[in-house]
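User: Could you take me through this structure? I would like to begin with how its parts meet.

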Amino acid sequence: MENTLGLEIIEVVEQAAIASARWMGKGEKNIADQVAVEAMRERMNKIYMRGRIVIGEGERDDAPMLYIGEEVGICSREDAKDFCNPDELVEIDIAVDPCEGTNLVAYGQPGSMAVLAISQKGGLFAAPDFYMKKLAAPPAAKGKVDIDKSATENLKILSECLGRSIEELVVVVMKRERHNDLIKEIREAGARVQLISDGDVGAAVSCGFAGTNIHCLMGIGAAPEGVISAAAMRAMGGHFQGQLIYDPEVVKTGLIGESKQANIERLNSMNITDIDKVYDAHELASGETVLFAACGITSGNLMQGVRFFSGGARTQSLVISNQSKSARFVDTIHMSGDPKVVQLH
Ligand SMILES: O=C(COP(=O)(O)O)[C@@H](O)[C@H](O)[C@H](O)[C@H](O)COP(=O)(O)O
Ligand SMILES: [Mn+2]
Ligand SMILES: [Mn+2]
């Protein structure tokens, strides 16, 4: 999978990031999102593959592009056998977030990215548009920290695993009312908290790399983003656990319906009956091969954002593969027209 799709998926996230970055700082989050969706879809549909979107644009709204269930890639066509080879005809599942951190783009804030994950058919959990409690940590803490333990306990474990004091740990938490107690507990335990307004995929993946000064992600974000984060952590051997959250009283923001009972019924109708199950990265991204690709829109911990110059743009992307056991940072100069300058720095 990596051999056939590797370079192509980099271009998919690059094109989405470039399109969205043109709207950086314009205060237009919907446009920044929409252009990323269009660019991602257009480039995806030029790939010789047979893909199906399992996580995409909202399951509730009638999204016209990259909607859940949409078939993408040249080899999804009915007559594909005439021009696609057997490798390209293998069905694959794709989770996308063409603009992860639309607010960050709209307000020129760090940490937004175009992102996707790919696996064999059935290899990615088709997470509903619900919330997810998440715990991400570095590879050294994999299987040792536990989402069922308190933040205080997990910080002690993390401190032992990483060989640093709790005071030296930084925990990312989304700045939401629902996290007030969690933030207090983390601070009382002695760790430092980095609050983010949006973009918990970048925060989760940052935990996988030493040197980002982020050691843990705790708290509740969106479930689809949880699966994409899990794919990255599965591919690189980091710790990720997620648990669906369906109680509106707990989340205090509006992604899910106001009736807890109706939310449970909705989960059941999606064949999710063990509603309190804790999923680990291997369950959220269970396929034999898992590929994660992201391209910075605005600069963040992991990647630089898109930088435009007179003859084009420069991007930085990250591809993580469990097949080749690699985390590949790709730096690309995109030339447009007949540039007079090709900017190196
Ligand atoms: O910040 C986020 C927004 O994603 P996007 O809409 O693609 O720009 C995600 O990273 C979060 O995981 C999540 O969507 C968020 O926590 C849910 O929203 P909220 O109800 O405001 O907490
Ligand atoms: Mn997102
Ligand atoms: Mn998005």
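Analyst: In this predicted model, 22 residues of domain 1 are in contact with 19 residues of domain 2; contact means that the C-beta atoms of two residues, placed from the backbone, lie within 7 Å.

User: Which elements supply the side of domain 1 that touches domain 2?

Analyst: At least two residues each come from strand E3 (91-100), helix H4 (102-106), strand E4 (113-120), strand E11 (290-296) and strand E13 (312-321). Helices (H or I, at least four residues) and strands (E, at least two) are DSSP runs, numbered from the N terminus.

User: Where do the domains lie in the chain?

Analyst: Domain 1 covers 2-121 + 288-335 and domain 2 covers 131-284, with bounds from an automatic or database domain assignment. Their centres, taken over C-alpha atoms, are separated by 24 Å.

User: New topic: what is notable about the phi of asparagine 213?

Analyst: Asparagine 213 has a positive phi of about 65°, although it is not a glycine. Most residues other than glycine have a negative phi. Asparagine 213 lies in the loop between helix H7 (200-207) and strand E8 (216-222).

User: Is asparagine 213 buried or exposed?

Analyst: Asparagine 213 counts as exposed because it has 12 C-beta neighbours inside 10 Å. The cut-offs, for other C-beta atoms within 10 Å and placed from the backbone, are 20 or more for buried, 12 or fewer for exposed, and in between for partly exposed.

User: And how is everything numbered?

Analyst: Residues are numbered from 1 along each chain as its sequence is written. Chains are lettered from A and ligands numbered from 1 in the order in which they are written, and local features in this predicted model need pLDDT (the predictor's confidence in each residue, from 0 to 100) of at least 70, side-chain atom pairs count only at pLDDT 80 or more, and totals for chains, interfaces and linings use all residues.
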